[in-house]
Amino acid sequence: ATSFSTIPPCNLRYPQQTMRMSHHRRQLQFQRSSSDTKSSRNVGGIGKRPTHHTNSSPASALPSTLTSPSSSFEAVPIATITPDEFLSQFRTKTSECLSNAYQTDHPIYCSREGRLTTSLGAELFTLFDMLMSILDEYLTAGSLVNTDAGDAIIVDVLEFLLLNLKYKQTHFRDRCLQDLESCCAASNDFFGMTETAEEVVTRVLDRYQLRENRRKAKSMLRKKSRALISLYSSDAVYAAQITHIYVFEPICDSIEKDLFGLAWEENFTQNEVAKSIVRTIEDFFVDIEVFLLNDFISKKCADALVSATCVFYVRCLLLTARRQKDWRHKKTSAFVDPQRAVMRMKGDVRLMKQFFLGIAERMPALSRIVEQEFSFLSALFECLMIGSGLSTTGDIRDFVFVLHKITRNFDVTRNLIGDLYVLVAPKDEHQVRGLVGSMKKDLLMTLPDNGSQGCALPPSRQQVPGLSMGGMLADLYDVHGLGGRLHKYSPKHFIDSFRHGVHTVREKREESDFASRDININAKILNSLQDLREKSIRFERRASF
């Protein structure tokens with residue numbers, strides 16, 4: 001961006017006298033809405049549909065944030081504003097407008113086909129057009145069209161807008177992901193913003209015919225616009241895939257404790273628990289397909305559900321192993337009949353895999369994800385077969401390498417194999433841990449260990465939480481031991497982080513933090529004063545003697 005303070009006044013071709021232009025006298029009014037406005041969006045629990053505005057268009061019901069005069073400049077002739085003043089106020093007010101657009105709670109609209117959207121995208125790019133009109137008026141009023149100074153202003157404004165749109169999207173994305181319906185609506189909004197942004201930016205760059213010496217700037221603007229479009233596209237996929245936490249919330253509430261329990265082993269002989277999981281996922285996915293705009297996003301959501309199912313099943317299995325570890329001294333299996341339990345797991349895995357392969361018949365690309373994710377469950381099953389004695393020909397060493405490809409951490413691999421034996425053959429746990437330990441050199445030569453530093457790296461912004469098997473295992477087998485941070489992969493933990501994150505309750509948290517902090521500080525001051533008084537009294541007594 002060009003600093004206009006370094007441009008000589010004569011190069012600006014800017015009139016020194018005040019111009020009389022009533023039609024150019026504009027209050028630069030920008031949107032500003034109250035942050036206390038209550039949301040009309042339903043943020044209730046799973047299974048509750050929000051009150052959608054049917055047969056309505058989001059663009060036809062833009063909120064008053066675009067016209068509110070509560071935050072505006074004083075009415076001054078626009079020609080009297082210097083370029084530096086214009087750019088400074090433009091940046092400040094534009095940032096406020098975009099923040100308010102994201103912070104406003106937008107109602108969810110439902111089309112006749114059942115597609116969910118909000119007015120966020122329409123509001124953002126209506127604001128974009130308004131800002132371009134203000135820029136046009138300023139350039140015309142100051143006779144800056146087709147000048148070096150005018151081109152510099154255009155490049156500065158467009159670069160700021162593109163960067164600020166990207167920053168606001170990055171900062172406020174998670175605020176739109178409050179429940180299943182809002183996630184689907186946000187995914188549709190972001191996907192629509194991808195197409196709208198490309199059209200708007202192309203139209204604006206074609207409208208402003210920059211001079212020859214600004215070709216590099218125009219190339220830079222196109223590059224930044226592609227980065228913004230890529231961000232919208234990836235966020236559309238993210239919003240669709242994060243729906244898995246709301247799908248598995250009721251599953252965890254009702255099934256997690258029963259899975260691998262006594263009733264699961266002895267009473268549910270027809271894999272009723274796995275059937276319940278599959279029916280719940282199917283019910284949610286039917287709605288999600290209706291809510292989302294296109295098949296590409298629906299397929300990405302199906303990918304997430306496959307991964308989330310495998311992670312959930314393994315997580316519950318390891319929770320059972322941890323509970324069994326509390327009774328380690330008994331050296332008994334977690335199941336009444338380990339071989340029967342292993343065969344029950346085989347039926348569960350087969351049932352879940354067949355369900356997703358059925359979806360893959362209309363989404364062929366999904367079959368590759370199904371085979372990839374369920375291969376880990378198959379390897380776990382083979383290890384349990386060997387440990388329980390159902391397989392006498394298999395070699396546990398072969399499957400140690402398969403599991404290590406996922407974990408990429410020797411300690412995690414060894415603990416995982418040990419916990420599998422805790423479930424079906426606890427007396428052999430120590431022996432199998434020693435066997436895996438003897439394979440350490442070969443494992444590290446085949447696949448280098450990521451190490452603790454690799455596991456501690458913060459996740460990428462586009463990495464959907466709860467879908468990585470390797471990440472879940474690395475988190476479970478932390479330095480605190482198995483289960484030290486199990487809650488982090490609970491759907492309730494993810495939902496709380498979205499609904500009560502820094503963007504939604506920061507002010508309330510800060511107030512409570514300050515209140516408790518003031519109380520603690522006052523108590524410390526009083527204690528310190530009391531100690532000083534006691535020390536001074538003791539000192540005076542010693543001095544008197």
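Visitor: Hello! In which helix do Glu429 and Arg433 both lie, and how many residues apart are they?

Guide: Welcome! Both are in helix α15, which covers residues 429-438, and they are four residues apart, about one turn of the helix. Before we go on, keep in mind that this is a predicted model.

Visitor: How do the side chains of Glu429 and Arg433 meet?

Guide: Here is the general idea. Side chains of opposite charge can pair when their charged atoms come close. In this case, Glu429 and Arg433 form a salt bridge, with 3.0 Å from N to O. Both residues of this pair are buried.

Visitor: Which residues are joined into one network by salt bridges that share partners?

Guide: Arg173, Asp174 and Asp235 are linked in that way. Across the whole structure there are 18 salt bridges.

Visitor: What parts does the pair of Arg207 and Asp136 tie together?

Guide: Start with the pair itself: the side chains of Arg207 and Asp136 meet in a salt bridge at 3.6 Å, N to O. Arg207 belongs to helix α5 (residues 180-207) and Asp136 to helix α3 (residues 120-141), so this bridge ties together parts that are 71 residues apart in sequence. Arg207 is partly exposed, with a relative accessible area of 46%, and Asp136 is partly exposed too, at 24%.

Visitor: And Glu265 with Arg340: how far apart are the closest N and O atoms?

Guide: They are 3.2 Å apart, and the two residues form a salt bridge. Glu265 sits in helix α8 (residues 262-266) while Arg340 sits in helix α11 (residues 338-360), so the bridge connects parts 75 residues apart in sequence. Look at the cover on each partner: Glu265 is buried, with a relative accessible area of 2%, whereas Arg340 is partly exposed, at 30%.

Visitor: I would like the wider view now. How many helices and strands are there in the chain?

Guide: The chain has 20 helices and five strands. Of its 545 residues, 48% are buried. You can also ask how contacts relate to the sequence: among those between residues at least 6 apart, 82% join residues at least 24 apart. As for the outside, the accessible surface of the chain is about 27,300 Å², and 51% of that belongs to carbon and sulfur atoms.

Visitor: Which residues touch the most other members of the largest nonpolar core?

Guide: The general idea first. In soluble globular proteins, nonpolar side chains tend to be buried together. Here, the largest nonpolar core has 142 residues, and Phe86 and Leu473 touch the most other members. Helix α10, residues 295-325, gives the most to this core, with 16 residues. You can trace the surroundings of Phe86 yourself: leaving out residues up to four places away in sequence, Phe86 touches Ile81, Ile134, Leu135, Tyr138, Ile153 and Val157.

Visitor: Thr309 is found in helix α10 as well. Is Thr309 buried or exposed?

Guide: Thr309 has 2% relative accessibility, so Thr309 counts as buried, the cut-off being under 20%. Apart from residues up to four places away in sequence, Thr309 touches Phe248, Ile281, Met352 and Phe356.

Visitor: How many disulfides does the structure hold?

Guide: Zero. Take Cys301: the nearest cysteine sulfur belongs to Cys184 and is 6.7 Å away. A disulfide needs two cysteine sulfur atoms within 2.5 Å, so that distance does not qualify. Cys301 is buried, with a relative accessible area of 0%, and Cys383 is buried as well, at 1%.

Visitor: Let us turn to the backbone. What is the phi of Phe260?

Guide: The general idea is this. Most residues other than glycine have a negative phi. Phe260, a residue other than glycine, has a positive phi near 70°. You will find Phe260 in the loop between α7 (244-254) and α8, and Phe260 is buried, with a relative accessible area of 4%.

Visitor: What about Arg408: what value is its phi near?

Guide: Its phi is near 55°, again a positive value in a residue other than glycine. Arg408 is in the loop between α13 (396-407) and α14 (410-424). At 29% relative accessibility, Arg408 counts as partly exposed, whereas Phe260 is buried.

How values were computed: Residues are numbered from 1 along each chain as its sequence is written. This is a predicted model: local features need pLDDT of at least 70, side-chain atom pairs count only at pLDDT 80 or more; totals for chains, interfaces and linings use all residues. Side-chain values use heavy atoms; hydrogens and water are left out. A nonpolar core is a set of buried Ala, Val, Leu, Ile, Met, Phe, Trp, Tyr and Cys residues joined through side-chain atoms within 4.5 Å. Buried means under 20% relative accessible area, exposed over 50%, partly exposed in between (1.4 Å probe, protein chains only). Helices (H or I, at least four residues) and strands (E, at least two) are DSSP runs, numbered from the N terminus. Contact means heavy atoms within 4.5 Å. Accessible areas come from the Shrake-Rupley method with a 1.4 Å probe; for residues, only the protein chains shown count as cover. A salt bridge is a side-chain nitrogen of Lys or Arg within 4 Å of a carboxyl oxygen of Asp or Glu.
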